[in-house]
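Work through the two exercises below with the model open. Each gives a task and then a stepwise solution.

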Amino acid sequence: MDNISEMLGAIGVVPVIKLKHPEADAAPLAQALCAGGVPVAEVTFRAAGAPVAIRRMREACPEMLVGAGTVLSVAQVDEAVAAGAQFIVTPGLDEEIIKYCVVKHIAIYPGCTTPSDYHTALKYGLQVLKFFPAEQSGGLAKIKAMSAPFPMFRIMPTGGISLKNLAEYAKSPLIVACGGSYMVSDALVDERRWDEITALCKKSVEIVKEARANG
């Protein structure tokens with residue numbers, strides 16, 4: 001795997017973040033995540049201020065790995081990278097975006113849930129795929145089934161993952177890291193409950209570590 005993927009794998013969880021007030025909240029949120037042992041964030045472009053959030057998080061915690069999620073166009077790739085994004089995540093498989101990122105040596109994790117998706121990703125030499133929406137698309141059982149014809153891929157499932165099922169995913173050697181918003185929910189961020197976010201991150205790291213040890 002590439003360096004970015006290895007770093008994601010070492011952490012084990014990837015908070016998926018949507019910030020309504022990035023100017024005020026990005027820096028303290030980044031600090032809360034890092035304090036919880038989760039120095040990574042996927043900042044979704046579903047919120048208008050995503051580039052601002054990426055920039056503020058990188059400034060507040062330079063050691064942090066910050067990427068852009070829900071990227072839907074090449075223009076958004078450029079916006080994200082200009083703001084400091086170190087990886088790109090797309091909800092589906094868009095060959096134009098993949099080609100662009102591959103040529104520019106930008107780490108990209110496209111959303112893939114079908115054999116056709118996997119087959120297309122293989123053409124571009126990708127090694128790690130996002131599996132979205134994970135639970136609604138068949139969960140770990142489908143990820144395992146898909147690995148039979150495509151054993152070369154490692155997977156980053158996102159969608160429907162929480163503390164309740166994190167261990168189930170994390171113990172599988174097919175999983176690089178699990179994406180989720182449960183530790184950065186709208187309520188927690190809007191109410192600026194940074195200590196609770198840190199506590200949820202610590203709990204997530206514990207679950208992943210134990211699951212991998214016993215997997």
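A pocket, on a 1 Å grid over the protein atoms alone, is an open set of points where a 1.4 Å probe fits, with protein on both sides within 12 Å along at least five of seven lines; lining residues have an atom within 4 Å of a point. This is a predicted model, in which local features need pLDDT of at least 70, side-chain atom pairs count only at pLDDT 80 or more, and totals for linings use all residues. Residues are numbered from 1 along each chain, and side-chain values use heavy atoms, without hydrogens and water.

**Exercise 1.** Describe the lining of the largest pocket.

Step 1. The lining has 18 residues; Val 16, Arg 46, Phe 132, Thr 158 and Ser 181 lie nearest the centre.

Step 2. Sort the lining by class: 5 residues are nonpolar, 8 polar and 5 charged. Here Asp, Glu, Lys and Arg count as charged, Ala, Val, Leu, Ile, Met, Phe, Trp, Tyr, Cys and Pro as nonpolar, and the others, including Gly, as polar.

**Exercise 2.** Find the salt bridge partner of Arg 192 and state whether each residue is buried or exposed.

Step 1. A salt bridge needs a side-chain nitrogen of Lys or Arg within 4 Å of a carboxyl oxygen of Asp or Glu. Arg 192 meets Asp 25 at 2.7 Å, N to O.

Step 2. Arg 192 is in the loop between H9 and helix H10 (194-214), and Asp 25 is in helix H2, 167 residues apart. Helices are DSSP runs (H or I, at least four residues), numbered from the N terminus.

Step 3. Buried means under 20% relative accessible area, exposed over 50%, and partly exposed in between (1.4 Å probe, protein chains only). Arg 192, at 43%, is therefore partly exposed, whereas Asp 25, at 2%, is buried.

Conventions. Helices (H or I, at least four residues) and strands (E, at least two) are DSSP runs, numbered from the N terminus.
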